Amino acid sequence: MRQGLGVLGVAIRAEKSIFAAAVLSSALYGLMTVAAAWALGWATDHVVLPAFENGRITTGALAVGALLILGVSLLKALGVAGRRYFAGVMQYRMQARSRRDVTRQYLRLPLAWHHRHPTGQLLSNAGADVEAAWAPLAPLPMAVGVVVMLVTAAVAMVITDPILALVGFLVFPAIAVLNLVYQRRLNPLATRAQQLRAEVSEIAHESFDGALVVKTLGREDEETARFLAKADELRDANIAVGRVRGLFDPVLEALPTLGVLAVLLIGAMRLESGAIGSGVLVQVAYLFTLLAFPIRALGWVLAELPRAVVGYQRIRAVLDATGSMEHGAAELAGTAPAGLEVRGLGYAYGGGDGDADFPVLHDVSLEVAPGRTVALVGPTGSGKSTLAQTFVRLVDPVRGTVLLDGTDLREVTRGGVSDAVALVPQQTFLFDDTVRGNVTLGRPVGDEDVWAALRLAQAEGFVSALPSGLDTQVGERGTSLSGGQRQRIALARALVRRPRLLVLDDATSSVDPQVEARILYGLRDAAQASTVVVIAYRMATIALADEVVYLEHGRVVDQGGHAELLARCEGYRNLVTAYERQEAEREALDAEQEEEVSA
């Protein structure tokens, strides 16, 4: 309860004026509801009973009674409209604010944090958790407003007849005990259901993201079974929550009804003894029937509080997450190719020190002179892609430094690194947008610069042949383009920014060797040249580099020219000549088989 009220307090402080307007409207509704009981009592004594006793009523009394009831009803309707409108505005504003805050935090948090949190969970945080956190805001102003009605009705009952009021008030301790039991039963069930929503979202996202793998390997039934198993768990958890709520709601509604019966029973006895009149009994009974509604309204808020607490805690876990990158005040001035230096760099996934869960880089040191092209080469798992991410500060090393033109990247102002450095990753991603939109990503870049970047990326030809040229929609993830075309669009996206350091993480693997060679030669001869670091496997690509850095097991084993490393580094030689050796062995085996057949 304390945590739930704390969540509601956050919303009230954020939307003071809207909440105040909603509560005032609800208070008007509550006051007019109680006033309706007084109007009903007045009509009973001055209109209904005289009509039975005398067989007639005066026009004036009938008009006053009718106007009284009509006026109260109109004010009551005005209160209902204002309450619902302002409550909705408050709820949707808080949801929008939370989604913006969560999304901004996602963008602030480093890639290392995202490595530890699945995408489905992040989607659930920004969707289901936000909705759950602020679900009580819809009934909250009504619940607060009807407290006015509750207090007013209670005071009116005491003034009208203290004995009947005391009989009715016996129901409140029972309601308090019922709510305590309910909160303790529901909270763990709601927590489990909210966690399962995230897990179902994770599986669905994986299945959609890996649709090609699922379809090509015929894993539809297995993926369906995996999703159904988790969906069934969520169903059972929601049923458990619904079962508790289904038991709570009718009992909560039954208690005021029992109170009404008790009031009528005692009131009838007092009426028979002459202690009270008929109008008093009608007024008190009606007032107590009104108490059932505010109790239900409070129950709606209380019923949503456990889910709200869970949803808010999951949102706060994101907003309070540490690891966001700090920035300095240094500027990376200039437009010439930048020099890159790495000193004693170490990195590990899953932790904050060198002895963390998955250490991948160990004491890496290297230097790339401005304007040079350097190839990073190494077997799978040697840490090349992770090292490339440190060059563009997607992640910070746990030890050592990365310097651009002698400036530690951690000292650069926010946005300074992305203005000077561009990374084209292994996994090419295109948005469901036009070619132009995918190249510019919203930057104010003219079509001439876009075509120049496409020309340098060897993409001008196929883009010109597209139905609408730069305005052609490429489809979700660029599905209308081939793998090589997507890679060249992604390369143009980086080149249009004229980076001083360009990092290519196997970014031309789907491009044929002749086109790849033209791209690398073009980068070297471009009017706005860049320092280029390329992660490569092909011999032809590596041979184009001015220098090669060879990594094994997260360490720099050797560094030098391609020919030098071929001569002196066995691991490098075995890696880059693997394809040639495999082809030679296959040709030799084919020759032996032909000789055996001819013999």
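The legends below describe several close-up views of a predicted model. Local features are given only where pLDDT is at least 70 and side-chain atom pairs only at pLDDT 80 or more, while totals for chains, interfaces and linings use all residues. Residues are numbered from 1 along each chain as its sequence is written, and side-chain values use heavy atoms, with hydrogens and water left out.

**View 1. The six-stranded open sheet, with strands in the order β6-β7-β8-β3-β9-β10.**
The pairing in this sheet is mixed, two strands being counted as paired if DSSP finds at least two bridges between them; strands (E, at least two residues) and helices (H or I, at least four) are DSSP runs numbered from the N terminus. The edges are formed by β6 (421–424) and β10 (555–560), each of which has a single partner strand, so one side of each is left without a neighbour in the sheet. On average, neighbouring strands of this sheet are turned by 15° against each other, direction ignored, where axes are lines fitted to C-alpha atoms, for helices over the stretch in contact, and angles run from 0 to 180 degrees between N-to-C directions. At the β6 edge, four bridges join β6 to strand β7 (residues 501–505) in the parallel sense, and Ala422 stands opposite Leu502 in β7.

**View 2. The end of the six-stranded sheet around β10, with the salt bridge between Arg568 and Asp558.**
A salt bridge here is a side-chain nitrogen of Lys or Arg within 4 Å of a carboxyl oxygen of Asp or Glu, and the N to O distance for Arg568 and Asp558 is 2.9 Å. Arg568 belongs to helix α20 (residues 562–568) and Asp558 to strand β10, so the pair ties together parts that are ten residues apart in sequence. Asp558 is buried, with a relative accessible area of 16%, whereas Arg568 is partly exposed at 46%; buried means under 20% relative accessible area, exposed over 50%, and partly exposed in between (1.4 Å probe, protein chains only). In the loop between β9 (547–552) and β10 lies His553, which has a positive phi of about 55° although it is not a glycine, and which is exposed, with a relative accessible area of 64%.

**View 3. The four-stranded open sheet, with strands in the order β2-β1-β4-β5, and helix α12 lying across part of it.**
The pairing in this sheet is antiparallel, and β2 (358–368) and β5 are the edge strands, each pairing on one side only. Two bridges join β4 to β5, with Leu403 standing opposite Asp408 in β5. Between β4 (399–404) and β5 (407–408), the loop contains Asp405, a residue other than glycine with a positive phi of about 55°; Asp405 is partly exposed, at 37% relative accessibility. Most residues other than glycine have a negative phi. Helix α12 lies across β1 (340–349), β2 and β4, running at about 120° to β1.

**View 4. Helix α12 (residues 384–391), a mostly covered helix.**
Seven of the eight residues of α12 are buried, among them Leu387, Ala388 and Phe391, together with Lys384 and Gln389. Just after α12, Arg393 takes a positive phi of about 60°.

**View 5. Salt bridges that link helices, with Arg99–Glu131 and Glu233–Arg192 as two of them.**
Side chains of opposite charge can pair when their charged atoms come close. The side chains of Arg99 and Glu131 meet in a salt bridge with an N to O distance of 3.3 Å; Arg99 lies in helix α3 (residues 59–108) and Glu131 in helix α5 (residues 119–133), so this pair ties together parts that are 32 residues apart in sequence. Both partners are partly exposed, Arg99 at 27% relative accessibility and Glu131 at 44%. In the second pair, the closest N and O atoms of Glu233 and Arg192 are 3.0 Å apart; Glu233 lies in helix α10 (residues 220–273) and Arg192 in helix α8 (residues 171–209), so parts 41 residues apart in sequence are tied together. Glu233 is partly exposed at 31%, and Arg192 is partly exposed at 39%. Elsewhere, Glu15, Arg93 and Arg97 are linked in a network of salt bridges, and the count of salt bridges comes to 19.

How values were computed
Contact = heavy atoms within 4.5 Å.
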